[in-house]
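Visitor: I should like to understand how the terms used for a structure follow from its values. May we go through them one by one?

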Amino acid sequence: MARAYFSHLNYSLGDEDSSVELHALPAGARHVVAVAGSGGRVVPLLARAPRKLTCVDISDTQLALTELRIAALRQLNHADYLGLLGYEAMSIQRRLELLTSLPLSGSARTALEPVRQAVEAGERIVYLGRFEGMLRTLSRFVGLFTGQRGRRMFDQPDVAGQRAWLDTGFPKGAWRLVLLLMGNSAVLNSLLYRGDFPKKNLPGSAFRIYWDIFDRLFRTLPVRSSFFLQLVFFGELRYPEGYPIECDADVFLAAQQAARKSDIEYVRGDIIQHVQEQRDVDFVSLSDVPSFLPPDRERDFLNAMKPGLTPDALVVTRGHLRVASPEVQGYEAVSDRYQDAIAQERTQLWRINFYQRRS
């Protein structure tokens with residue numbers, strides 16, 4: 001895997017709406033293993049009260065940020081949680097007080113020292129990742145090209161109004177230039193992946209793929225409900241209805257109660273290898289890890305994990321411009337069961353697949 005890319009804080013908010021995984025995860029699972037990411041994709045899984053949650057990542061910094069989120073979840077109330085992370089306004093002094101009060105491991109506190117310094121300088125944690133920085137840069141181009149006519153999509157009263165504005169008032173020519181920029185792999189490599197962007201294997205041009213993604217978002221979901229669209233157009237989150245699901249009050253409370261009881265472990269390493277070494281895993285949230293694997297491992301990752309999975313265990317994968325097509329012997333592809341949840345996913349950046357190990 002491309003360790004040069006993953007050696008920094010790449011995600012502080014992320015680009016995944018984990019409502020899909022939350023919907024699919026059965027309550028009271030024995031052992032959930034998930035890519036840590038920023039922690040925002042992991043926190044909602046705790047709302048299903050798994051007995052054990054293992055957060056795995058090859059980045060010490062991402063693991064440390066996940067540990068911070070879970071420590072905050074355990075210790076803070078909802079308002080302080082949102083304020084500390086930067087979803088809501090809070091004084092710098094108060095953020096620093098909360099950050100200092102969290103019971104973090106020594107290694108996590110060391111890894112998060114640059115985060116503490118950024119908070120001290122007035123930055124918000126959810127915007128510190130390289131990916132979020134890329135979207136904030138992109139938003140300036142979006143504003144330059146599409147202006148107020150583009151942002152007026154967020155003023156529409158409902159999805160029907162969005163469709164009407166898209167057809168009659170939205171600056172499609174300028175938007176086309178934005179998507180040509182987004183669809184340029186050289187630009188993505190430069191801004192985010194530092195040369196390690198997974199090679200596209202979906203049919204059609206990247207421009208067409210992005211055009212379809214955004215057209216689907218504009219025509220099917222309230223745009224204010226998408227944190228991804230808010231970042232693209234404003235470079236920040238302006239509408240609470242679009243906050244990620246970790247911010248939902250009910251999800252937060254359920255996750256908090258579970259976090260105080262569940263066995264939570266942080267593992268630096270290869271998630272596929274880690275699952276392989278277990279014997280009790282009944283749910284795996286892989287994110288887009290398979291997209292970064294060498295071809296032989298990309299084909300074989302389901303088979304490699306099989307020894308660690310219980311009968312009927314679920315494996316969830318995501319792919320963006322590259323989608324893995326693994327060997328599925330011993331599994332059943334069950335994505336159709338979750339199509340409603342996938343259709344409501346608020347970024348629409350992902351092809352999401354579910355595989356269930358046969359009993």
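Guide: Let us begin with two cysteines of this predicted model. The sulfur of Cys-55 has its closest cysteine sulfur in Cys-247, at 17 Å, which is too far for a bond.

Visitor: How do you know that Cys-247 is in no disulfide?

Guide: A disulfide requires two cysteine sulfur atoms within 2.5 Å. For Cys-247 the nearest cysteine sulfur is that of Cys-55, and it lies 17 Å away. The cut-off is not met, so Cys-247 is in no disulfide. By this rule the count of disulfides comes to zero.

Visitor: What makes Cys-55 count as buried?

Guide: The term buried applies under 20% relative accessible area. Cys-55 has a relative accessibility of 0%, and therefore counts as buried.

Visitor: Why is Cys-247 called buried?

Guide: The value for Cys-247 is 6% relative accessibility, so this residue also falls under the 20% limit and counts as buried.

Visitor: Which residue of β1 stands opposite Cys-55?

Guide: Cys-55 belongs to β2, and Ala-34 stands opposite. Strands β1 and β2 pair in the parallel sense over four bridges.

Visitor: How do you know that β1 and β4 pair?

Guide: Pairing calls for at least two bridges between two strands. Three bridges are found between β1 and β4, in the parallel sense, so the two strands pair. Within this pairing, Val-33 stands opposite Val-284 in β4.

Visitor: Which way do the residues of β1 point?

Guide: In strand β1 (residues 32-35), Val-32 and Ala-34 point one way, while Val-33 and Val-35 point the other way; all are buried. In a regular strand the side chains alternate between the two faces of the sheet.

Visitor: In what order do the strands of the sheet lie?

Guide: Seven strands form an open sheet in the order β3-β2-β1-β4-β5-β7-β6, with mixed pairing.

Visitor: What makes β3 and β6 stand at the edges?

Guide: Strands β3 (263-268) and β6 (331-333) each have a single partner strand, so one side of each is left without a neighbour in the sheet. From one strand to the next, the twist averages 15 degrees.

Visitor: How many bridges join β2 to β3?

Guide: Strand β2 (residues 52-57) is joined to β3 by six bridges, and the two run parallel. The bridge partner of Lys-52 is Asp-263 in β3.

Visitor: Which strands does helix α15 touch?

Guide: Helix α15 (residues 295-305) packs on the sheet and touches β4 (281-285), β5 (309-319), β6 and β7 (351-357). The direction of helix α15 makes about 155 degrees with that of β5.

Definitions and conventions: Residues are numbered from 1 along each chain as its sequence is written. This is a predicted model: local features need pLDDT of at least 70, side-chain atom pairs count only at pLDDT 80 or more; totals for chains, interfaces and linings use all residues. Side-chain values use heavy atoms; hydrogens and water are left out. Axes are lines fitted to C-alpha atoms, for helices over the stretch in contact, and angles run from 0 to 180 degrees between N-to-C directions. Contact means heavy atoms within 4.5 Å. Buried means under 20% relative accessible area, exposed over 50%, partly exposed in between (1.4 Å probe, protein chains only).
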